[in-house]
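Work through the exercises below with the sequence and the coordinates at hand. Each task is followed by a solution in steps.

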Amino acid sequence: MRGFFYGWYLKCQSNTQTLAVIPAIHGTEQKRTCSIQIITDDKAWTADFPADAFHLAGKNISIGKNQFGEKGIRLAIHTPELCVKGKLNFGDLSPLRYDIMGPFSFVPFLECRHSVWSMQHSVCGSVQINKQEYSFRNAYGYWEGDRGKSFPKEYIWTQCSFPCGSLMLSVADIPLAGFHFKGIIGIVLWRGREYRLATYLGAKAVRIRNGMIRVVQGNLKLEARILENAGKPLKAPANGDMVRTIHESAACRAFYRFRKEGRILFAFETEKASFEYEYPF
């Protein structure tokens, strides 16, 4: 068995609190394990489980007594460092019109493949983490996933939900058949319309510098800038082994601007951006 991983990223965002949960299974030729990572505004934890605790059935994952799927999340984690319990219910999901990978979904040997299951849905419920209450009422939800063997060596990923919309952008160094290129996938959901930016549609990263990324595709231009570098350490796969450390801010200060034909559709600063900036600043 070669190295592999499969995981989901489920984020819940209210006006005052953020919670992201990452259930995953991963393995190498020597071992196979699964885990649940929990990220809040200011902390991150990892709970490890044996591989046989993981079950996948359609769009539903369970790891022990923890359940994840289209209807929501149920958490029941008890370790010496982490006690989590609670339930979050999801409203109707907002899936994409077609696979975010486009034609790259048919390309073999990619080290990582991305999926977006819902750009925005409502979240209601509460979760208690080490006796601290996280309560969500008509909050925003977002759901994506990754599978493959390794995260890209260098990449930027950001996601944010906001009134009238939601966005996700990823720019990464992609190795393929001995070559490297910058792969771009991004979705802007704005007032009910889906705008897609992607390498296979001609998108180019015209600037990656000092915590900022600017992507241009025809008459579309999306800019994202992280304004504080306060990422919390997370585990990430390297050939299926969760030995790499990356840093994510589940809720940090950032700036976004989106233009079409030179006209600004939105521009705002927020303290609720999720960001992973794995490029040199």
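**Exercise 1.** Does Arg244 count as buried or exposed?

*Solution.* The model is a predicted one.
Step 1: take the relative accessibility of Arg244, which is 18%.
Step 2: compare this value with the cut-off for buried, under 20% relative accessible area.
Step 3: Arg244 therefore counts as buried.

**Exercise 2.** Place Arg244 in its strand, then find which backbone oxygens its side chain reaches.

*Solution.*
Step 1: Arg244 belongs to strand S20.
Step 2: its side chain reaches the backbone oxygen of Lys153 at 3.1 Å.
Step 3: the backbone oxygen of Phe151 is also reached by the Arg244 side chain, at 3.5 Å.
Step 4: list the residues that Arg244 touches, leaving out those up to four places away in sequence. They are Phe151, Pro152, Lys153, Tyr155, Leu234, Lys235, Ala236 and Glu278.

**Exercise 3.** Describe the surroundings of Cys252, including its distance from Asp42.

*Solution.*
Step 1: Cys252 lies in strand S20, which covers residues 241–260.
Step 2: with a relative accessible area of 1%, Cys252 is buried.
Step 3: set aside neighbours within four places in sequence. The contacts of Cys252 are then Ile226, Glu228, Thr270, Glu271, Lys272, Ala273 and Phe275.
Step 4: Asp42 is 210 residues away from Cys252 along the chain, and their C-alpha atoms are separated by 9.4 Å.

**Exercise 4.** Count the aromatic pairs, then characterise the pair of Phe162 and Phe268.

*Solution.*
Step 1: the count comes to 16 aromatic pairs.
Step 2: the rings of Phe162 and Phe268 are 4.8 Å apart centre to centre, with 50° between the planes, and the pair is tilted.
Step 3: Phe162 is in strand S12 (residues 155–162) and Phe268 in strand S21 (residues 263–277), so this pair ties together parts that are 106 residues apart in sequence.
Step 4: both Phe162 and Phe268 are buried.

**Exercise 5.** What is the geometry of the aromatic pair of Tyr195 and Phe258, and which strands hold the two residues?

*Solution.*
Step 1: the ring centres of Tyr195 and Phe258 are 5.3 Å apart, with 70° between the planes, so the pair is edge-to-face under the cut-off of over 60 degrees.
Step 2: Tyr195 sits in strand S15 (residues 193–198) and Phe258 in strand S20, so the pair ties together parts that are 63 residues apart in sequence.
Step 3: Tyr195 counts as buried at 9% relative accessibility, and Phe258 is buried with a relative accessible area of 0%.
Step 4: Tyr195 and Phe258 belong to one aromatic cluster, together with Phe162, Trp190, Tyr256, Phe266 and Phe268.

**Exercise 6.** Where does the charged end of Arg196 sit?

*Solution.* The charged end of Arg196 is placed over the ring of Tyr98, at 3.6 Å from the ring centre.

**Exercise 7.** How many disulfides are counted, and why is Cys124 not bonded to Cys12?

*Solution.*
Step 1: the count comes to 0 disulfides.
Step 2: Cys83 is in no disulfide, and the nearest cysteine sulfur, in Cys12, is 18 Å away.
Step 3: for Cys124 the closest cysteine sulfur is also that of Cys12, at 10 Å, which is too far for a bond. The cut-off for a disulfide is 2.5 Å between sulfur atoms.
Step 4: Cys83 counts as partly exposed at 31% relative accessibility, and Cys124 is partly exposed with a relative accessible area of 28%.

Key
Residues numbered from 1 in each chain as written. Predicted model: local features only at pLDDT ≥ 70, side-chain atom pairs only at ≥ 80, totals over all residues. Heavy atoms only, no water. Helix = DSSP H or I, 4+ residues; strand = E, 2+ residues; numbered from the N terminus. Buried < 20%, exposed > 50% of the residue type's maximum accessible area, 1.4 Å probe, protein only. Contact = heavy atoms within 4.5 Å. Phe/Tyr/Trp six-rings, centres within 6.5 Å; stacked < 30°, edge-to-face > 60°. Lys NZ or Arg CZ within 6 Å of the ring centre and 35° of its normal. Polar contact = N/O pair within 3.5 Å; in protein donor to acceptor, adjacent residues only side chain to side chain.
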